[in-house]
Amino acid sequence: MSFTKCKTLTVSVPKPFVYMIQLNRPEKRNAMTSTMWQEFKECFETLGKDSECRIVILSAAGKTFCAGIDMQEMIKLGQNIAEYDDIARKCKFTKDKIKNYQDSFTAIEKCPKPVIAAVHGACIGAGVDMISAADIRYCSSDAYFQIKEVDMGLAADVGTLQRFPKIVGSDSLVRELVYTARKYPAAEALKDGFVNRMLDDEESLLKTSIEIAEEIAKKSPVAIQGSKISMVYSRDHTVEEGLEHIAMHNQAMLQSEDLVNAAMAQITKGEPPVFSKL
């Protein structure tokens, strides 16, 4: 994929091995269109295979992180469904569309490189789906989150109901936020662990995100990617299954040069090793 051809996203490299994907429809509050859904999936699939990339920062241009799905997209979806007379055909078309949306954000999770979501301003609907798939979430003090779907007459179907409860750990809180569609301010999200850092403003948010990303990018890519793969797998499996999974993974990865180089640096108290690309 050529990042220069993206119409709704911009991709930059603020530090070596650190890539930043920025939602870039500020005039539309970064609302999600079919083009953005597709570009999102393609970007993460491409960076997941790119040895020049070790970590991704997800940010947004303008005053709003993401206003959710573009309402024109919803109108167009309704028109497309109406073209079918038979309910079976309507349902197949609708399910395929929902699955495409889901796959776009699951691409964040499937990308073996860690993803830091840096959120400022409003993060609504699909925006919450999006960042719930990220590894790390930071926000600015003016940020707020809103699971808005019930106000639109539908149940959230792109990942929030599946991922959000496993992040904050309070079933009661999740249900309140889902059923009321109320705003969830940054300070409350920090207290509940949905985000783990709250910065004063967007500038300090991006600065901190880049600093943390740069630190992670200096670590062994074998170790970092293996850790993400294991944590994602273990979240949805038993402890025993997770242990078996990492044992199978590490029977090969423990033979990597990264382990030897890192161990020698620890033993000799020398400079941290520079790890080769993966």
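**Exercise 1. Positive phi outside glycine**

Locate Arg29 and Phe17, and describe their backbone phi angles and, for Arg29, the exposure.

*Solution.* Arg29 sits in the loop between β2 and α1, where helices (H or I, at least four residues) and strands (E, at least two) are DSSP runs numbered from the N terminus. This is a predicted model, in which local features need pLDDT of at least 70 and side-chain atom pairs count only at pLDDT 80 or more, while totals for chains, interfaces and linings use all residues. Residues are numbered from 1 along each chain as its sequence is written, and side-chain values use heavy atoms, with hydrogens and water left out.

Next, the angle: Arg29 is not a glycine, yet its phi is positive, at about 55 degrees. Then the exposure: with 39% relative accessibility, Arg29 counts as partly exposed (buried means under 20% relative accessible area, exposed over 50%, partly exposed in between, with a 1.4 Å probe and protein chains only).

Now Phe17. This residue lies in the loop between β1 (9-15) and β2 (18-23). Its phi is near 70 degrees, again a positive value in a residue other than glycine.

**Exercise 2. Helix α3 and its partner α1**

Work out how α1 and α3 are oriented, and which residues make their contact.

*Solution.* Start with the geometry. Helix α1 (residues 34-49) and helix α3 (residues 87-110) have axes that come within 8 Å and cross at roughly 30 degrees. Axes here are lines fitted to C-alpha atoms, for helices over the stretch in contact, and angles run from 0 to 180 degrees between N-to-C directions. α1 and α3 are therefore roughly parallel to each other (angles under 35 degrees count as roughly parallel, over 145 as roughly antiparallel, 65 to 115 as roughly perpendicular and the rest as oblique).

Then list the contact, meaning heavy atoms within 4.5 Å. From α1 come Trp37, Gln38, Phe40, Lys41 and Phe44, and from α3 come Tyr101, Asp103, Ser104, Phe105, Ala107 and Ile108. Sorted by class, these residues are 7 nonpolar, 2 polar and 2 charged. In this scheme Ala, Val, Leu, Ile, Met, Phe, Trp, Tyr, Cys and Pro count as nonpolar, Asp, Glu, Lys and Arg as charged, and the others, Gly among them, as polar.

**Exercise 3. Helix α3 and its partner α2**

Are α2 and α3 roughly parallel or roughly antiparallel, and which residues meet?

*Solution.* The axes of helix α2 (residues 71-82) and α3 come within 9 Å and cross at roughly 150 degrees. α2 and α3 are therefore roughly antiparallel to each other. On the α2 side, Glu73, Leu77, Asn80, Ile81 and Ala82 take part, and they meet Lys90, Phe93, Thr94, Lys97 and Tyr101 of α3. The tally for this contact is 5 nonpolar, 2 polar and 3 charged residues.

Ile87 also belongs to helix α3. At 61% relative accessibility, Ile87 counts as exposed.

**Exercise 4. α9 against α10**

Describe the packing of α9 and α10.

*Solution.* Helix α9 (residues 221-235) and helix α10 (residues 239-253) pack at about 160 degrees, their axes 9 Å apart. That makes α9 roughly antiparallel to α10. The contact draws on Val222, Gly226, Ile229, Ser230, Tyr233 and Ser234 of α9, together with Glu241, Gly242, His245, Ile246, His249 and Met253 of α10. By class, there are 5 nonpolar, 6 polar and 1 charged residues.

**Exercise 5. Into the core**

Which residues of the largest nonpolar core touch the most other members, and what surrounds Met130 and Phe164?

*Solution.* A nonpolar core is a set of buried Ala, Val, Leu, Ile, Met, Phe, Trp, Tyr and Cys residues joined through side-chain atoms within 4.5 Å. The largest one has 49 residues, and Phe65, Met130, Phe145 and Phe194 touch the most other members. α1 gives the most to this core, with 6 residues.

Take Met130 next. Apart from neighbours within four places in sequence, Met130 contacts Leu23, Met32, Phe40, Leu58, Phe65, Cys66, Phe105 and Ile108.

Finish with Phe164, which is found in helix α5 (residues 160-168). At 1% relative accessibility, Phe164 counts as buried. Not counting residues up to four places away in sequence, Phe164 touches Val128, Ser132, Ile147, Gly159, Val174, Leu177, Tyr184 and Phe194.
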